[in-house]
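I opened this notebook to keep track of what I looked up. The entries follow the order of my search.

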Amino acid sequence: FKLLVMQKIEHIGIAVKSLAQAIPVYEKLLDTPCYKTETVDSEKVNTAFFLTGENKIELLESSDPEGVIARYIDKKGEGLHHVAFAVADIHAEMSRLKAEGFLLLNEAPKKGADNKLVCFVHPKNTHGVLVEICQEIS
Ligand code: ZN
């Protein structure tokens, strides 16, 4: 018996310059309204969420010119930023990934958007994909 650790893709994160511009585009693209916006001060991001069936899309806009999303867009432009996996026990999963040699970008889980504890895995060990693991705060 092996505990299911990576439960599913929880959402896909997309870096945008402007939520004001991107939200109407994604509303048209997905033919569904943005159901929530939320600012995460600790991460210097404004976020907007969409549901397509069971799948969630998170748009990320920097709330600060020096924020990580602003720096990402300066370097790589707008676009796919991270893939987030839901996990049942983020502490256990962080220990497992660390033991497997992945580089975690935070030592402890931090509070992310949408009532989640999150941790990011450095893209250098994942063939270029920034991976987020997240656990719903109960
Ligand atoms: Zn995310």
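**Entry 1: Ile90.** I call a residue buried when its relative accessible area is under 20%. The model I am reading is predicted. I looked up Ile90 and found 0% relative accessibility, so Ile90 counts as buried. Ile90 sits in helix H3, residues 90–99. I then asked which residues Ile90 touches, leaving aside neighbours within four places in sequence. The list is Pro109, Leu117, Val118, Cys119, Ile133, Cys134 and Gln135. I also checked the backbone distance to Pro109, which lies 19 residues from Ile90 along the chain. The two C-alpha atoms are 7.3 Å apart.

**Entry 2: the zinc ion.** Which protein atoms are the donors of the zinc ion? I found NE2 of His11, OE of Glu58, NE2 of His82 and OE of Glu132. They lie 2.1 to 2.2 Å from the ion. Along the chain, the donors follow the spacing H-x46-E-x23-H-x49-E. I placed two of them: His11 belongs to strand E1 (residues 6–15) and Glu132 to strand E8 (residues 131–136). These parts are 121 residues apart in sequence, so the pair ties distant stretches together. His11 and Glu132 are both buried.

I next looked at the geometry of the site. The angles among the four donor atoms run from 85 to 169°. A tetrahedral site needs all angles between 85 and 135 degrees. The zinc site is recorded here as irregular.

**Entry 3: the nonpolar cores.** Which residues make up the largest nonpolar core? I noted eleven: Ile14, Val16, Leu19, Ala22, Ile23, Tyr26, Cys34, Ala48, Phe50, Ile57 and Leu59. Helix H1 (19–30), strand E3 (45–52) and strand E4 (55–62) each supply at least two residues of this core. H1 gives the most, with four residues. A second, separate core has nine residues, among them Val87, Val121, Val131 and Ile133.

I picked Ile14 from the largest core for a contact check. Apart from neighbours within four places in sequence, Ile14 is in contact with Tyr26, Ile57, Glu58, Leu59, Leu60, Gly79 and His81. Glu58 in that list is also a donor of the zinc ion.

**Entry 4: aromatic pairs.** How many aromatic pairs are there? I counted two. In one pair, Tyr26 and Phe50 have their centres 6.1 Å apart and 40° between the planes, and the pair is tilted. Tyr26 is in helix H1 and Phe50 in strand E3, 24 residues apart, and the pair links distant parts of the chain. Tyr26 has a relative accessible area of 19%. The cut-off for buried is under 20%, so Tyr26 counts as buried. Phe50 is buried too, at 0% relative accessibility.

The other pair is Tyr35 with Phe49. Their ring centres are 6.3 Å apart and their planes meet at 45°, so this pair is tilted. Tyr35 lies in the loop between H1 and strand E2 (36–40), while Phe49 lies in strand E3, 14 residues away. Are the two rings' residues buried or partly exposed? Tyr35 is partly exposed, at 38% relative accessibility. Phe49 is buried, at 1%. I noted one more neighbour here: Lys36 lies over the face of Phe49, at 5.7 Å from the ring centre.

**Entry 5: Thr47.** I stayed in strand E3 and looked up Thr47. Thr47 is buried, with a relative accessible area of 1%. Leaving aside neighbours within four places in sequence, I listed its contacts as Leu19, Lys36, Thr37, Glu38, Glu58, Leu59, Leu60 and Ala113. Lys36 is in this list, and Lys36 also lies over the face of Phe49.

**Entry 6: positive phi.** Last, I looked up two residues with positive phi that are not glycine. Lys44 has phi near 55°. Lys44 is in the loop between E2 and E3, and is partly exposed, at 35% relative accessible area. Asn115 has phi of about 60°. Asn115 is in the loop between strand E6 (110–112) and strand E7 (116–121). Asn115 is partly exposed, with a relative accessible area of 33%.

Technical notes
Residues are numbered from 1 along each chain as its sequence is written. This is a predicted model: local features need pLDDT of at least 70, side-chain atom pairs count only at pLDDT 80 or more; totals for chains, interfaces and linings use all residues. Side-chain values use heavy atoms; hydrogens and water are left out. Donors are N, O and S atoms within 2.8 Å of the metal (3.2 Å for Na, K and Ca); water is not among the atoms, so sites may look incomplete. Four donors count as tetrahedral if all angles lie between 85 and 135 degrees; four count as square planar and six as octahedral if opposite donors are over 155 degrees apart and all others between 65 and 115; anything else is irregular. Buried means under 20% relative accessible area, exposed over 50%, partly exposed in between (1.4 Å probe, protein chains only). A nonpolar core is a set of buried Ala, Val, Leu, Ile, Met, Phe, Trp, Tyr and Cys residues joined through side-chain atoms within 4.5 Å. Contact means heavy atoms within 4.5 Å. Rings of Phe, Tyr and Trp (its six-membered ring) pair if their centres lie within 6.5 Å; planes under 30 degrees apart count as stacked, over 60 as edge-to-face and the rest as tilted. A charge sits over a ring if NZ of Lys or CZ of Arg is within 6 Å of the ring centre and within 35 degrees of the ring normal.
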